[in-house]
Amino acid sequence: RLLVVGRVTPFQDVGKIEVYKKSENGQALAGAVFTIYDSAGKEVGTLGPTDANGYAVTAQSLPSGSYTVVETGFPKGYTDNGTTSWKVEVQFNQTARVGGSAGVVNRPNEGTAAIRKTDEDGQALAGVLFGLNETESGKQIAQVRTGADGTAKIEGIAAGKSCFFRELQPAHEDYQKNERDYPVQIVAGQTAWANRGQPVVNEWKRGALRIYKTDGRTGQPLS
């Protein structure tokens, strides 16, 4: 007769929940947070925030059963794509994935405002200072200078916002400041170009001397 003496480990019918978070173009999104509810509607845990790979898994195992996972915190610059809750079924020793193989997708809720600056001869103007103002209040929300290619961009603006660019300072004193305002309508995930993408021109002050330096052999401009 065999007698076995020892500790019996209770059977635990548990599993976990994981999520992969990405943008509409497949970019991994960090910072998403989810709340987990059991079949009775009781909050039983959290999932996230997602890491740089867009991934998160529950720290603790959950008893097998049906759960509802609700996205309660979105990555910066993103919002839901029409769905904020998912049903998942946790099974013994398995990891249930929110959203299935497709994962969970977010769409942008911010956009970019941009403007391009040239002189009368079509040369890009660097160093022009612009303010970006809210259309409704007139309040300035950002300032930006054009780069070497004559363009300036301001990112992270709430989608749907109406704004306008206002020139604050020309490239240098030989140019007249453009007094016109250039409206832009911010679209989620897109770049809204002032003046329909056409360059905004600074005119020379009349009487100003312009000097062009070129290579004597090739005729190419010299900086």
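## A bridge between strands 6 and 8

Thr 68 has Lys 87 in strand 8 as its bridge partner. This comes from a predicted model. A second pairing joins Gly 65 to the same region: Gly 65 stands opposite Val 90 in strand 8. Strand 6 covers residues 65–73, and its pairing with strand 8 is antiparallel, over 6 bridges.

How do the side chains of strand 8 point? They alternate. Trp 86, Val 88 and Val 90 point to one face and are buried. Ser 85, Lys 87 and Glu 89 point to the other face and are not buried. In a regular strand the side chains alternate between the two faces of the sheet.

## The sheet 3-2-6-8

Strands 6 and 8 belong to an open sheet of 4 strands, in the order 3-2-6-8. The pairing in this sheet is antiparallel. Which strands stand at the edges? They are strand 3 (43–47) and strand 8 (85–90). Each has a single partner strand, so one side of each is left without a neighbour in the sheet. Neighbouring strands here are turned by 30 degrees against each other on average, direction ignored.

## The sheet 13-12-15-16

Another open sheet also has 4 strands, this time in the order 13-12-15-16. Its pairing is antiparallel. Strand 13 and strand 16 are the edge strands, and each pairs on one side only. On average, neighbouring strands of this sheet are turned by 25 degrees against each other, direction ignored.

Inside the sheet, strand 12 and strand 15 run antiparallel and are joined by 6 bridges. Asn 133 stands opposite Phe 164 in strand 15.

## The nonpolar cores

The largest nonpolar core has 21 residues. Which of them touch the most other members? They are Ile 115, Leu 132, Phe 165 and Val 184. Six elements give two or more residues to this core: strand 11 (110–119), strand 12 (129–134), strand 13 (140–145), strand 14 (151–158), strand 15 (162–169) and strand 16 (181–185). Strand 14 gives the largest share, 3 residues. Apart from this core lies another, of 16 residues. Among its members are Phe 34, Ala 96, Val 98 and Val 104.

Back in the largest core, take Ile 115. Residues up to four places away in sequence are left out of its contact list. Ile 115 then touches Phe 130, Gly 150, Thr 151, Ala 152, Phe 165, Tyr 182, Trp 193, Ala 194 and Val 200.

## Aromatic pairs

How many aromatic pairs does a search of the whole structure find? It finds 4. One pair is Tyr 20 with Tyr 55. The ring centres are 4.7 Å apart and the planes stand at 45 degrees, so the pair is tilted. Tyr 20 lies in strand 1 (residues 14–23) and Tyr 55 in strand 4 (residues 55–57). The two are 35 residues apart, so the pair links distant parts of the chain. Tyr 20 is partly exposed, with a relative accessible area of 36%. Tyr 55 also counts as partly exposed, at 22% relative accessibility.

Phe 130 and Phe 165 form an edge-to-face pair. The distance is 5.9 Å centre to centre, with 80 degrees between the planes. Phe 130 lies in strand 12 and Phe 165 in strand 15, so the pair ties together parts that are 35 residues apart in sequence. Are these two rings' residues buried or exposed? Phe 130 counts as buried, at 1% relative accessibility. Phe 165 is buried too, with a relative accessible area of 0%. Both phenylalanines are contacts of Ile 115.

## Arg 116 and Trp 193

Arg 116 lies over the face of Trp 193. The distance from the ring centre is 4.4 Å. Trp 193 is also one of the residues that Ile 115 touches.

## Thr 79 in strand 7

Thr 79 lies in strand 7 (residues 78–80). Its relative accessible area is 17%. Buried means under 20%, so Thr 79 counts as buried. Which residues is Thr 79 in contact with, leaving aside neighbours within four places in sequence? They are Phe 74, Asn 106, Arg 107, Pro 108 and Asn 109.

Thr 79 and Ala 194 are 115 residues apart along the chain. Their C-alpha atoms are separated by 26 Å.

Conventions:
Residues are numbered from 1 along each chain as its sequence is written. This is a predicted model: local features need pLDDT of at least 70, side-chain atom pairs count only at pLDDT 80 or more; totals for chains, interfaces and linings use all residues. Side-chain values use heavy atoms; hydrogens and water are left out. Two strands pair if DSSP finds at least two bridges between them. Axes are lines fitted to C-alpha atoms, for helices over the stretch in contact, and angles run from 0 to 180 degrees between N-to-C directions. A nonpolar core is a set of buried Ala, Val, Leu, Ile, Met, Phe, Trp, Tyr and Cys residues joined through side-chain atoms within 4.5 Å. Buried means under 20% relative accessible area, exposed over 50%, partly exposed in between (1.4 Å probe, protein chains only). Contact means heavy atoms within 4.5 Å. Rings of Phe, Tyr and Trp (its six-membered ring) pair if their centres lie within 6.5 Å; planes under 30 degrees apart count as stacked, over 60 as edge-to-face and the rest as tilted. A charge sits over a ring if NZ of Lys or CZ of Arg is within 6 Å of the ring centre and within 35 degrees of the ring normal.
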